[in-house]
Amino acid sequence: MTIQKYPHVFEPFQIGSLKLKNRIHFTPMVACVTTADGEANQEMLDWIGMQARTGVGYVTIGDTQIDRERAQCFYGELDVTHDKYKDGLMLITEEAHRFDCKISIELSHAGRGANPKMNTKPAFAPSYVPIPGGQQDIKVMDQADMDFVKEQWADCAVRCKDSGFDMIMMHSAHNNLLGSFLSPESNFRTDEYGGSIENRMRYPLEVLAYVREQVGPDFPVELRVSINEMTEKGLVFEDTLVFLKEAQKYVDLVCLSRGTVFVDEAIRYLCPSYLMPHMINADYSEIVKQALDIPVQVVGNIFNLAEAEKILAEGKADIVGICRSLMAGPTMIQDALRGQEEKTRPCIRCMDGCGPVYLGEPVRCSVNPQLARETRFGRIPKADEKKKVMVIGSGPAGMQATETLLKRGHDVTLYEQADKIGGKLHDASAVAFKGDLRKYRDWFVRQTNDSDAKVVLNTKVTAETIKQEQPDAVVVATGAEYVVPPIPGIEKALMAKEVDEGVAEVKDKVIVCGGGLTGCETALQLAREGKDVTVVDMIPADQFAIGQFYIIRSSLMHEIKEAGVKFAGDLKITNITDDGITVVDKTGNEFGMKADTVVNALGLKANNKLYDEIYQLMPWATYTVGDCIDPKNIYNATFSAFNIAVEI
């Protein structure tokens, strides 16, 4: 029945000599879980096994450098540059194949994107274009350098083929080495490799041709490109199409991405945030598919099988690539096959868990605490002794603790003083553009209500409740409460949650007090509604929403700028009046700022009073999780709750 619902998704597909069981690809993700020297270990094998078990047609290992002296850019990335690594590579391919999954690997040269702390020789690039705050030691490539890299690429490709990989992906996107030759923003050469697109694509085509020659005509090769770098002077779609029409002579499949990693205005297209539309590259891929004679794959904010089916059914691509949604909800395909799509955990596009791989940290997921921890937590073990556990508070930490405790086999009662579970997720997802977070909220609330936990609403737990219930353990997840500082006139301000929920009247000229994430998102929502909005805080304006992962923050700041929101930093609010606020700047100068409406978005503080009371009764089995320790984010709530609950 479900296959009939998604006929194109579950239709087998042929890429050259390779047959895929369906049209879904688990796209490249650098997990940063190998050894420091790039060798495969148990964590890497279990990561591959998790990906393969999702049921996708094939998995591609992310961004694997062909030059370990000049091009490394991720700590914990796989090494494929020497035959001594072949045994580990064979273990990886064997792991994927035992789940009837094909496996590929993204071979790349970072070029000027190489991490200067990781490499012993200057980075290669077509021209000297250093990265602010990044690579400065750059060697402009001569013919000998280009020949060397070409040999390295072919050497690694053949090694991967010999190690059992079913396909390789040639990474020419996001302005890495091959992409930087293609882009007029990074290629200023005056020889036959620079200038026109015909010249700029000459070296990438030479590399593709040589790799094809070395791996043979029957081994599938995929090419990844940025269809548009989305920068003022970067690679444009028309030039990419010219390149692809030539490149198809040497490859079997093209994967279409967008953006570049080196420019803030473009990186948001590479890893689209919750602020951006779904399926952002599908219209481009439709044009490419019509222009080429080889299959086309598309990536970019594709959330689920329904969106994948839509793209395939409309003829916009032959294969759909998904990554973050499969990390958050690895059961997506199995759930769909059972007709139970509502059970799949949604991705919230926050990048708080998966983004730090750019900083060399192992991949994690804000809503899936088992991801890339399969070696230890692939299966939740049953507890040696079944216990009666009280969980107090039903926000993300409380619900995560409840879910994990149930898997451990405990008898769990979840207490909530409000009339519904979900806690601050209701407030955090209230603005119109947080639809992805609302899907997660609704999923978790539904999962919790449908679970074996006893849910008790409209109940404020006290120390007396603990004495009456006599639990074996208590998990305190009472979260945080809104900060209402003793500023004269603070009662005149609307609370941000009231504004976000649309229950408060907001006039035309607005001051939002607080430059954190809540204040910035509230300001964006109001500006999109046509309000004149200024955000005020005592921290510098360039530090507003600084707690967000930098790619997501870049996307948020772009939207805020587009909406016309104004920032005013380094100002201490001293009074809230009927016609605005009074502030003091760093020099001690006091002045007024006029507004029709003032909004309080001054943050949260931990609500841990109950923990202190319960701890006095049973210090050996009372635990705190989530915001009641330190108000942070969903990642912190999820992991603090899971890490405690999995040990009770």
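This talk goes through the sheets, two helix pairs, two backbone outliers and two cysteines of a predicted model.

First, the conventions. Residues are numbered from 1 along each chain as its sequence is written, and side-chain values use heavy atoms, with hydrogens and water left out. Because the model is predicted, local features need pLDDT of at least 70 and side-chain atom pairs count only at pLDDT 80 or more, while totals for chains, interfaces and linings use all residues. Helices (H or I, at least four residues) and strands (E, at least two) are DSSP runs, numbered from the N terminus.

I start with the sheets. Two strands pair if DSSP finds at least two bridges between them. One open sheet has 5 strands in the order β18-β25-β19-β20-β21, with parallel pairing. What stands at its edges? β18 (494-495) and β21 do, each with a single partner strand, so one side of each is left without a neighbour in the sheet. Strand β20, residues 532-536, is joined to β21 by 3 bridges, and the two run parallel. In that pairing, V536 has A568 of β21 as its bridge partner.

Helix α20, residues 517-528, lies across β19 (509-513), β20, β21 and β25 (597-600). Contact here means heavy atoms within 4.5 Å. The helix runs at about 170 degrees to β20. For angles, axes are lines fitted to C-alpha atoms, for helices over the stretch in contact, and the angle between N-to-C directions runs from 0 to 180 degrees.

The other open sheet I want to show has 3 strands, ordered β22-β23-β24, and the pairing is antiparallel. Its edge strands are β22 (572-577) and β24 (590-594), each of which pairs on one side only. From one strand to the next the twist averages 25 degrees. Between β22 and β23 (residues 580-584) there are 5 bridges, and these strands run antiparallel. I573 has V583 in β23 as its bridge partner.

Further toward the start of the numbering, strand β3 (residues 24-29) pairs with β4 in the parallel sense over 3 bridges. The bridge partner of H25 in β4 is Y58. Is β4 itself mostly covered or uncovered? Strand β4, residues 58-65, is mostly covered, with 8 of its 8 residues buried. Buried means under 20% relative accessible area, exposed means over 50%, and partly exposed is in between, using a 1.4 Å probe and protein chains only.

Now the helix pairs. The axes of α4 (residues 143-162) and α7 (residues 202-215) come within 9 Å and cross at roughly 35 degrees. The crossing is right-handed, meaning that the near helix is turned clockwise from the far one by less than a right angle; anticlockwise would be left-handed. On the α4 side the contact residues include M146, W153 and K161, and on the α7 side Y203, Y210 and V215 are among them. The residues of this contact divide into 11 nonpolar, 1 polar and 4 charged. In that count Ala, Val, Leu, Ile, Met, Phe, Trp, Tyr, Cys and Pro are nonpolar, Asp, Glu, Lys and Arg are charged, and the others, Gly among them, are polar.

For α8 (residues 237-247) and α10, the axes come within 11 Å and cross at roughly 35 degrees. This crossing, too, is right-handed. F237, L241, L244 and K245 of α8 meet Y284, I287, V288 and A291 of α10. The division here is 7 nonpolar, no polar and 1 charged.

Next, the backbone. Which loop holds M279? M279 lies in the loop between α9 (264-270) and α10 (282-291). Its phi is positive, about 55 degrees, although M279 is not a glycine. M279 counts as partly exposed, at 21% relative accessibility. D570 sits in the loop between β21 (566-568) and β22. Phi of D570 is near 60 degrees, again positive in a residue other than glycine. At 25% relative accessibility, D570 counts as partly exposed.

Last, the cysteines. How many disulfides are there? With a disulfide taken as a pair of cysteine sulfur atoms within 2.5 Å, the count comes to 0. C347 is in no disulfide, and the nearest cysteine sulfur, that of C365, is 6.4 Å away. C347 is buried, with a relative accessible area of 9%. C365 is buried as well, with a relative accessible area of 10%.
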